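Trainee: Could we go through this model together? I'd like to know what stands behind each label we put on it.
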Amino acid sequence: MAEITYEGKTFEVDEDGFLLKFEEWCPEWVDYVKESEGISEISEDHQKILDFLQDYYRKNGIAPMVRILSKNTGFKLKQVYELFPSGPGKGACKMAGLPKPTGCV
Amino acid sequence: MAFISSGYNPAKPMEGRITDIGPREFTEFLPPVIKANKGKWAYHEILEPGVLVHVGESGDKVFTVRVGAARLMSVTHIREICEIADKHCDGYLRFTTRNNVEFMTDSEDKVAALKADLAARKFDGGSSKFPVGGTGAGVSNIVHTQGWVHCHTPATDASGPVKAVMDTVFSDFQNHRLPAPVRISLACCLNMCGAVHCSDIGIVGIHRKPPMIDHEWTDQLCEIPLAVASCPTAAVRPSKVELEGKKINTIAIKNERCMYCGNCYTMCPALPISDGEGDGVVIMVGGKVSNRISQPKFSKVVVAYIPNETPRWPTLTEKIKHIIDIYADHAMKYERLGDWIERIGWEKFFELTGLEFTQHLIDDFRDHAYYTWRQTTQFKF
């Protein structure tokens, strides 16, 4: 597995650029990933989604369903895509340090 | 190879981006005779295996030549299909829902030239590139999946067994000796992508051992509640183990409850299940989707396990050929495989085909299993 060094921190990632370990997440990770996800600046709205994903994952051990994400953050799916062009899974979950989405995707 | 840009700018990924345009409208690609007679067809005939004629109310005719295809094909092969279409069909062609290719022309004399051209084309190894057939009461193409070519959950291959089976039943692709069409499908795992659950003959890859558990990575790579909820028999539960002096969250599997479906591996990469000797295929028979005479049916398991015998799957192909031959000898006209079995009874089907009836074939999944047992004294010795 590949290791990435960014601003003095190292991250273990898989071939799709997802963090292998949630504990390794830190704010620098978001800074590192945002470019490859087509995001120039992390706004308050971005942060709100990332925070919710992380809280939900810590509490429940899974990523929230898209409807739960929308309902709790107040962002419609269209707005989520405007914030994270690759979408809630590949974009937001990757930045939040959650495990890679699985199943028939 | 040097990088050649398509014009996409990775620094501004959303700039000039086109989305949500959908597929091209099908009418853009209709042959003129089809466009002119769309919705005004009077009747059709099968002139010979693989060749159809549709006659419009105006008297216009369109002749269709259906040819088999391997589904998985190179751009070179597609270019050759295009070349044939350019030469004989003014550049028009279509693919069927069973991944055959159809060439259409508007006059009968063009059909002879087209057929002669198709018959002459072979691969270096000797296989026909464009075998004509797949119509009427025969065996058309096999709907199949990815197998070892591209998927990560298969228990068998797709392209390999399909080639082996089609080679065995090839004569039925090119003639109409059967009582009704026989649809064969293959899925390389129990996800059953495609049509195995509703085909006359279905081939499905199965495992026979529970998954391994990569404790070190389970909690890192997986959302454990998803793996727990993915199990149809509730064999998966969360647990803790001690690894290198550290307590970690992981998964435990009750092996006696596990039926090796592999759903948990789909959800969690730390539960690999594939196994060279354990994996194999089952054969299911008797499904159909049409409403003709009888209602649509699911296919039922009749052979619980056949090992993977690369590269030609001889046991599998021999059994399928045998089932088709017995069906062809005994069924009445228009009777699909499932209709025939329901008429003669399952015990008679096993007797005629000589297939072994094992305890694996008796349904034991939840309440509904009860309805598949026999609650009557009507039975043939």
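Mentor: Sure, and keep in mind that the model is predicted. Let's start with polar contacts: a pair of N or O atoms within 3.5 Å, where within protein one must be able to donate a hydrogen and the other to accept it. Between chain B and chain A, four residue pairs are in polar contact, both residues at pLDDT 80 or more.

Trainee: How many salt bridges are there between chain B and chain A?
Mentor: Zero. For that label, a side-chain nitrogen of Lys or Arg has to be within 4 Å of a carboxyl oxygen of Asp or Glu. The count between the two chains is zero, so nothing there earns the name.

Trainee: What makes up the contact, then, and how much area is buried between chain B and chain A?
Mentor: Chain B puts in 15 residues and chain A 17 residues. The buried area comes to about 1200 Å², with carbon and sulfur atoms giving 57% of that. On the chain B side, Trp217(B), Gln220(B) and Glu223(B) supply 44% of what chain B buries against chain A, more than any other three residues.

Trainee: Which elements give two or more residues to the side of chain B that touches chain A?
Mentor: Helix 6 (215-221), helix 7 (224-229) and helix 8 (263-267) of chain B. Helix 6 of chain B gives the most, with four residues. By type, this side of chain B splits into 10 nonpolar, three polar and two charged residues.

Trainee: On to the sheets. What makes strand 1 and strand 4 of chain B edge strands?
Mentor: Strand 1 (41-48) and strand 4 (94-95) of chain B each pair on one side only. They belong to an open sheet of five strands in the order 1-2-3-5-4, with antiparallel pairing.

Trainee: How do you know that strand 2 and strand 3 of chain B pair?
Mentor: Pairing takes at least two bridges between the strands. Strand 2 (residues 51-56) and strand 3 (residues 61-67) of chain B have five, in the antiparallel sense, so they qualify. Within that pair, Val51(B) stands opposite Val65(B).

Trainee: Which helices pack on that sheet?
Mentor: Helix 2 (residues 75-88) of chain B is one of them, touching strand 4 and strand 5 (101-105), and its direction makes about 15° with that of strand 5. Helix 3 (residues 108-120) of chain B also packs there, touching strand 1, strand 2, strand 3 and strand 5; its direction makes about 10° with that of strand 3.

Trainee: Why is the pairing of sheet 6-7-10-11 in chain B called mixed?
Mentor: Generally, strands of a sheet pair either parallel or antiparallel. This open sheet has four strands, and its pairing is mixed. For one parallel example, take strand 6 (184-187) and strand 7 (residues 201-206) of chain B, which pair over four bridges. There, Ala187(B) has Val204(B) as its bridge partner.

Trainee: What sits between strand 8 and strand 9 of chain B, and what's notable about Glu244(B)?
Mentor: Two residues separate these strands in a hairpin, and Glu244(B) in the turn has a positive phi of about 50°, although it is not a glycine. The strands pair antiparallel over eight bridges, and Leu243(B) is partnered with Lys246(B).

Trainee: Last one: what kind of peptide bond joins Thr310(B) and Pro311(B)?
Mentor: A cis bond, with omega about 0°. Pro311(B) lies in the loop between strand 11 (300-307) and helix 9 (314-330) of chain B.

How values were computed:
Residues are numbered from 1 along each chain as its sequence is written. Chains are lettered from A and ligands numbered from 1 in the order in which they are written. This is a predicted model: local features need pLDDT of at least 70, side-chain atom pairs count only at pLDDT 80 or more; totals for chains, interfaces and linings use all residues. Side-chain values use heavy atoms; hydrogens and water are left out. Contact means heavy atoms within 4.5 Å. Buried area is the accessible area (1.4 Å probe) that two parts lose on being put together, summed over both. A polar contact is a pair of N or O atoms within 3.5 Å; within protein, one must be able to donate a hydrogen and the other to accept it, and residues adjacent in sequence count only if both atoms are side-chain atoms. Ala, Val, Leu, Ile, Met, Phe, Trp, Tyr, Cys and Pro count as nonpolar, Asp, Glu, Lys and Arg as charged, and the others, Gly among them, as polar. Axes are lines fitted to C-alpha atoms, for helices over the stretch in contact, and angles run from 0 to 180 degrees between N-to-C directions.
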